[in-house]
Amino acid sequence: MVDIRIPFNKPAIMGNEMANIQQAVTNGHISGDGPFSKQVHKQLQETFGVERVLLTTSCTHALEMSALLLDIRPGDEVIVPSYTFVSTINAFALRGAKPVFVDVRWDTKNLDETHLEQHITHRTKAIVPVHYAGVGCEMDTIMSIARKHGISVVEDNAQGLYGKYKGQWLGTFGEMSTVSFHETKNIQCGEGGALFINDKRLVERAEIIREKGTNRSRYFRGQVDKYTWVDIGSSYLPSDMLAAYLQAQLEVQTEIYAARERVWNTYDTELAAWAEEHGVERPYVPNHVDQTYHMYYLVLPSLEVRTRLQEHLRKQGIVAVFHYQPLHLSEMGKQYGGQAGDAPVTEKLGDQLLRLPFYNTLTESEQSSVIQALLTFEEW
Ligand SMILES: *Cc1c(COP(=O)(O)O)cnc(C)c1O
């Protein structure tokens, strides 16, 4: 076993996280929706101009809330990219929906909007585009197809917070969008997420669903004199200690993004000639998109090369990891009828994409070790 010198991900204290957590404890409000949660809600609502932001215990749970809000029922179909994290579809399958997988574009790895319309039926209830690596999907086309057919859009924006498509914030196109603050994401609190609600008709019910199906929020606002069970729901509020951690990260958001941008640009510049020479593809970011510098990946010529390269890095204590395996070919995906060949781009990316170590505190010397290791790889 070789010791890990450079991990794939490393969460880091970036500002006042520790002091904030201490403050949350001192405040005596460590359950959900305390002072820090309120501050984060307000800040995110103001920055992104959405009707309502609600912190959740994860992006997965924010997706589950969106499925409840859309009244997804057995027999409904929900369209997702086949190249994504399991939660994107599982949240809807949990309500009985049938997943409909659409292949992704080779260039951006995002849902291929040119394949979208052929997958729509009278049962289609929602489209859930994923802004892969924080690079926006073709939202103009996706939204116009959705409007034409009267279908809801929920953006899985786990990787795209502070990204833009044609100057508009990602997460503000669909009726709802979901964010992740998992320790692998740009802004973190360990485990956490948020639901962004752009349609104000959904706000009140979202509060109820998030509070175990009760009208507790109305009670706290003095709008009803006791609170009671009014709908189905669950417990989706994170502790205010996590919101405190998150608030500190949001405070230094520009520094975090600047650090990530430097890492991303260094990889992209230093590896350009090498990639060209060996038929390795680098990320593509369209001009009309502002990306979030969430990850840096390479697409290798084959699974065999990727495996050898990963091993070559591992021997030097560097952890590089592949990403999504095609969902339509997973055990569950096959039960819904998924077959090899359904989504050829996704199937290739499952074999050929490799993510390089990427975190806020990756030092110049660590990064140059990674780059040197790549440049000296010879087993093509
Ligand atoms: C990370 C991620 C999720 C899940 O986020 P959690 O907060 O861990 O539930 C969902 N979708 C995408 C695209 C992700 O990258």
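## Around the ligand

Of the 14 residues around the ligand, T60, D156, Q159, S180 and K185 come nearest. The model is a predicted one. Three of these residues place a polar side-chain atom beside the ligand: that of D156 lies 2.8 Å from a nitrogen atom of the ligand, that of Q159 lies 2.8 Å from an oxygen atom, and that of K185 lies 3.3 Å from an oxygen atom. Taken alone, the ligand exposes 380 Å², and the protein buries 92% of this area.

## Salt bridges

How many salt bridges does a search of the whole structure find? The search finds 18. Side chains of opposite charge can pair when their charged atoms come close. One of the pairs is D107 with R105, where the closest N and O atoms are 2.7 Å apart. D107 counts as partly exposed because its relative accessibility is 25%, a value between the limits of 20% and 50%.

A salt bridge also joins the side chains of D140 and K166, at 2.7 Å from N to O. D140 belongs to helix α5 (residues 139–149), while K166 sits in the loop between β6 (164–165) and β7 (168–169), so the pair ties together parts that are 26 residues apart in sequence. D140 is partly exposed, at 40% relative accessibility.

In another pair, the side chains of D268 and R282 meet at 3.2 Å, N to O. This salt bridge links distant parts of the chain: D268 is in helix α9 (residues 253–270), and R282 is in the loop between α10 (272–278) and β10 (289–290), 14 residues apart. Are the two partners buried or partly exposed? D268 is buried, with a relative accessible area of 16%, whereas R282 counts as partly exposed at 32%. Elsewhere, D71, R73, R205 and D231 are joined into one network by salt bridges that share partners.

## Helix α6 and its surroundings

Helix α6 covers residues 203–210, and 6 of its 8 residues are buried, so the helix is largely enclosed by the rest of the structure. The buried residues are V203, A206, E207, I208, I209 and R210. What do they pack against? Their partners are α2 (35–48), β1 (52–56), α3 (59–69), β9 (193–197) and α7. Just after α6 comes K212, which takes a positive phi of about 60°.

## Positive phi in two loops

D71, one of the members of the salt-bridge network, is not a glycine, yet it has a positive phi of about 55°. D71 is found in the loop between α3 and β2 (77–81). With a relative accessible area of 32%, D71 is partly exposed.

A133 is also a residue other than glycine with a positive phi, here near 60°. The loop that holds A133 runs between β4 and α5. A133 counts as buried because its relative accessibility is 4%, and buried means under 20%.

## Two further loop positions

E113 lies in the loop between β3 (98–102) and β4 (124–127). Its relative accessible area is 9%, so E113 is buried. Which residues does E113 touch, not counting those up to four places away in sequence? They are R105, E138, T141, I142 and I145. Among these, R105 is the salt-bridge partner of D107.

V319 is placed in the loop between α11 (303–314) and α12 (331–335). V319 is partly exposed, with a relative accessible area of 24%. Leaving aside neighbours within four places in sequence, V319 is in contact with I4, I6, P7, F8 and P357. V319 and D71 are 248 residues apart in sequence and, from C-alpha to C-alpha, 42 Å apart in space.

## A nonpolar patch on the surface

Y219, F220 and Y227 form a nonpolar patch on the surface, and together they have about 320 Å² of accessible area. F220 is found in helix α7 (residues 216–220). Is F220 buried or exposed? F220 is exposed because its relative accessible area is 55%, and exposed means over 50%. Helix α7, which contains F220, is also one of the elements that the buried residues of α6 pack against.

Definitions and conventions
Residues are numbered from 1 along each chain as its sequence is written. This is a predicted model: local features need pLDDT of at least 70, side-chain atom pairs count only at pLDDT 80 or more; totals for chains, interfaces and linings use all residues. Side-chain values use heavy atoms; hydrogens and water are left out. Helices (H or I, at least four residues) and strands (E, at least two) are DSSP runs, numbered from the N terminus. Buried means under 20% relative accessible area, exposed over 50%, partly exposed in between (1.4 Å probe, protein chains only). Contact means heavy atoms within 4.5 Å. Patches are made of residues with over 30% relative accessible area and no salt bridge: like charges are joined within 9 Å, nonpolar side chains (Val, Leu, Ile, Met, Phe, Trp, Tyr) within 5 Å. Accessible areas come from the Shrake-Rupley method with a 1.4 Å probe; for residues, only the protein chains shown count as cover. A salt bridge is a side-chain nitrogen of Lys or Arg within 4 Å of a carboxyl oxygen of Asp or Glu. A residue is near a molecule or strand if one of its heavy atoms lies within 4 Å of it. A polar contact is a pair of N or O atoms within 3.5 Å; within protein, one must be able to donate a hydrogen and the other to accept it, and residues adjacent in sequence count only if both atoms are side-chain atoms.
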